[in-house]
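Here are a few short exercises to work through with the structure open beside you. Try each task before reading its solution.

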Amino acid sequence: MTIEEFINKIESEIEEFPPGTLKPDTNPRELEQWSSMHALILIALIDSEYNVTISGEELIKCLTVNDLYNLVQSKLS
Amino acid sequence: MGQSIEGISYYLPQNTLTNTDLSNIFAVQEKDIFKKTGIKKRHVIDLETVVSDFAINSAEKLFQEYSFNKDNIDAIIFCSSAYDYKVPATACVLQNKLNLGKHIYTIDIRHGCTGYIYSLSVAKGLMNTSQANHVLIFTTEIPTSVIHPGDLELRMIFGDASAITYLCNKNNSTGNIGEFVFGTDGSGAGNLFVKYSGSVQRLKSDWLLKTESHGGMPYGMLEMNSVEIFTFTLREVPTLVAEVLKKNRISMDEIDLFIFHQANAFLLNMLRRKLKIPESKFYVYIEQVGNTVSASIPIALKEAIKEGKAKKGDKILLAAFGIGYSWCGTVITL
């Protein structure tokens, strides 16, 4: 999985993040449309797509999309 | 002999809290509340109501809707985190208020979302050991009494309800309660709990004064870390379902209907997708009542029966998860 594929997956599943919204250095929490629910959606999406469970604490530590991608990658390997 | 669910009734308080009400109080849109929870309305009890009277409301409905000899009742299980007194058990108070026989077994069970399945387990144990044959299970929940009026997230989710289930030990029925699976992880206690409700954070006068405009919140205040609860659920429930199937020697395809604790429609949908359960076999009843804690499964079961989605002889997988952390499941046959 490349970071582009990871971003495409998120943007295709979360309607508030249309294609082009996310870049590797985007902090999703700084987006205007971000709400606490998106944290849950991201956790669930990563869980169902990649069979990787990330905790709330781990998610909070991810400041950018790239951090999140690296976290998922580290759990996949 | 099998343990047969002979009747389920439930009572909802008249006062409601709709998404329109919430959008008038908080800076939130109705559609966003619905999207986040799948809930349109919750019922809210008058804070002055005596807990056993609320339970009686559901018992009266049961006696109206089903005809059976209530003198046969030989056990009352009262499952709730609310009570009339710290002691005696509210089940004792109910024996008297319902004018039931004095030969009766009574117990209170203090569990949250998993309370109904715990109560079924106790009922089955009583029946299998000839301690009781006609059991009433009350799941009477008043979560709104411990929710701070300023807590939008919790007010969106929880609703009050009292449900009652009547079970009989019978040998001429398809009815049966199968094998149980239980799980507990007390390390999650701090992620969903009622603050100022016991010996950890004691109720003090400054708390009562601070919350005076909300009736003092004498029963404490519910706190939830929703992300942690969500991840706990995604982590434990798929394994739980697999173990329940295995212990009952039944395949996913042989289950006629899945009824989970009605926590939140968004979460339920995520679980359904993860477990690959077809939508037609996954029953959700939350829109008009909210998350009613241990009353949620019997309410959903009653509605599924009313809708014809659950019929006599059907095998239904029940699963519950939540405060504790606690999780459990079983397969019942109607």
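**Exercise 1. Find out how confident the predictor is in chain A, overall and by element.**

Solution. Start with the whole chain: in this predicted model, chain A has a mean pLDDT of 90, and 100% of its residues reach 70 or more. Next, go through the elements of chain A. Helix α4 (residues 65-76) of chain A has the highest mean pLDDT, 94, while helix α2 (residues 36-50) of chain A has the lowest, 86.

**Exercise 2. Describe the contact between chain A and chain B, looking at the side that belongs to chain B.**

Solution. First, count the residues taking part: 10 come from chain A and 11 from chain B. Then ask which helices of chain B each supply at least two residues to its side; these are α8 (226-247) and α9 (265-275). The largest share, 6 residues, belongs to α8(B). Finally, sort the residues on the chain B side by character: 5 are charged, 4 nonpolar and 2 polar.

**Exercise 3. Locate the largest nonpolar core and follow one of its best-connected residues.**

Solution. The largest nonpolar core has 108 residues. Those with the most contacts inside it are B:Ile77, B:Val135, B:Ile259, B:Ala319 and B:Ala320. Helix α8(B) gives this core its largest share, 8 residues. Now pick B:Ala320 and leave aside residues up to four places away in sequence: among its contacts are B:Cys113, B:Tyr116, B:His261, B:Ile297 and B:Trp327. To finish, look for a core apart from this one: another has 8 residues, including A:Phe6, A:Ile7, A:Ile10 and A:Leu22.

Methods: Residues are numbered from 1 along each chain as its sequence is written. Chains are lettered from A and ligands numbered from 1 in the order in which they are written. This is a predicted model: local features need pLDDT of at least 70, side-chain atom pairs count only at pLDDT 80 or more; totals for chains, interfaces and linings use all residues. Two residues are in contact if their C-beta atoms, placed from the backbone, lie within 7 Å. Helices (H or I, at least four residues) and strands (E, at least two) are DSSP runs, numbered from the N terminus. Ala, Val, Leu, Ile, Met, Phe, Trp, Tyr, Cys and Pro count as nonpolar, Asp, Glu, Lys and Arg as charged, and the others, Gly among them, as polar. A nonpolar core is a set of buried Ala, Val, Leu, Ile, Met, Phe, Trp, Tyr and Cys residues joined through C-beta atoms within 7 Å. A residue is buried if 20 or more other C-beta atoms lie within 10 Å of its own, exposed if 12 or fewer, and partly exposed in between; C-beta atoms are placed from the backbone. pLDDT is the predictor's confidence in each residue, from 0 to 100.
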